[in-house]
Amino acid sequence: MRNITLYLDVDGVVCPFGATGDTPWGTGWRLANAGLLEVAYAGQLVDGLNQLSRAPGVRFVWLTSWEDMAAEYLCPAIGLAGSRWPCLTAEGGGTGEGWWKLAALQEDLAASDPDGIVWIDDQLRYEEQAMGWAAFLGPRILTVSPDPRRGISPAELAAVSAFATKQLF
C-alpha cells in the first residue's frame, strides 16, 4: 500500500472565486455560511473528497490561508470531513523568503516522508519556484492548479484519485 499526502487549498480550489453558472459537474453551486463569509462549492466535489479521504494510506493536510478556520468553519458548513486534518500555517518554517506554502509543505514532507504527494492549489501554476521543485520530484508528485473561478473539475479529481490510490505493485 502507498502512503500519499494530499495538500489542499480552499479558495479557488474547494470554493471558487465568484462562481457563476453551473459547477464543472453540471449542477448549480451550493452556498453555505462558513462562519465569516458565504462560500460556493460543488456538492459532488465535497462527496469525492470525502470518499478519497477514507481511502487507505491517504493523508489529507490543509495548506490554505484559511489555516485552522478551514477545519473549524468550512468543514461543518459544506459537509467536508476535514475537521481533523492537520493544518500547515505560515508560522515557523513557513516564513521568510519565497512562498510560505512551499516552505511549509517541504517542512511537513521532511517529517512525514510519504511515498507520493498531491498538491492542489489554484496559485500553484504561477509559483515558478514551487513548480521547479515539483518537476525535480518527477512522478512522486501530482500538482493540480484548478481554474480559480471553477475549482477542482471532475477530470482533476479523477486524476487525483487515480494517483492517490494507484498500487505500487
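**Figure 1. Packing of helix H1 against helix H5 in the predicted model.** The axes of helix H1 (residues 43-53) and helix H5 (residues 154-165) come within 11 Å of each other and cross at roughly 0°. Because angles under 35 degrees count as roughly parallel, H1 is described as roughly parallel to H5. On the H1 side, the contact is made by Leu45, Gly48, Leu49 and Leu52. H5 contributes Leu157, Val160, Ser161, Ala164 and Thr165. Six of the residues in this contact are nonpolar and three are polar, while none is charged.

**Figure 2. The open sheet and its edges.** Five strands form the sheet in the order S5-S4-S1-S6-S7, and their pairing is parallel. The edge positions are held by strand S5 (87-88) and strand S7 (141-144). Each of these two has a single partner strand, so one side of each is left without a neighbour in the sheet. In general, strands of a sheet pair through backbone hydrogen bonds, in either a parallel or an antiparallel arrangement.

**Figure 3. Pairing of strand S1 with strand S4.** Five bridges join S1 (residues 4-8) to S4 (residues 58-63) in the parallel sense. Within this pair, Thr5 stands opposite Arg59 of S4. Tyr7 has Val61 in S4 as its bridge partner.

**Figure 4. Helices H4 and H5 on the sheet.** Helix H4 (residues 128-137) packs on the sheet, where it touches strand S6 (116-120) and S7. The direction of H4 makes about 150° with that of S7. Helix H5 also packs on the sheet, with contacts to S1, S4, S6 and S7. Between the directions of H5 and S7 the angle is about 165°.

**Figure 5. Strand S4 and its connection to strand S5.** Strand S4 is mostly covered, with five of its six residues buried. Two bridges pair S4 with S5 in the parallel sense. Trp62 stands opposite Cys87, a residue of S5. Together with helix H2 (residues 69-78), strands S4 and S5 make a right-handed β-α-β unit.

Notes:
Residues are numbered from 1 along each chain as its sequence is written. This is a predicted model: local features need pLDDT of at least 70, side-chain atom pairs count only at pLDDT 80 or more; totals for chains, interfaces and linings use all residues. Side-chain values use heavy atoms; hydrogens and water are left out. Axes are lines fitted to C-alpha atoms, for helices over the stretch in contact, and angles run from 0 to 180 degrees between N-to-C directions. Helices (H or I, at least four residues) and strands (E, at least two) are DSSP runs, numbered from the N terminus. Angles under 35 degrees count as roughly parallel, over 145 as roughly antiparallel, 65 to 115 as roughly perpendicular and the rest as oblique. Contact means heavy atoms within 4.5 Å. Ala, Val, Leu, Ile, Met, Phe, Trp, Tyr, Cys and Pro count as nonpolar, Asp, Glu, Lys and Arg as charged, and the others, Gly among them, as polar. Two strands pair if DSSP finds at least two bridges between them. Buried means under 20% relative accessible area, exposed over 50%, partly exposed in between (1.4 Å probe, protein chains only). A crossover is right-handed if, with the strands pointing away from the viewer, the path from the first strand over the helix to the second runs clockwise.
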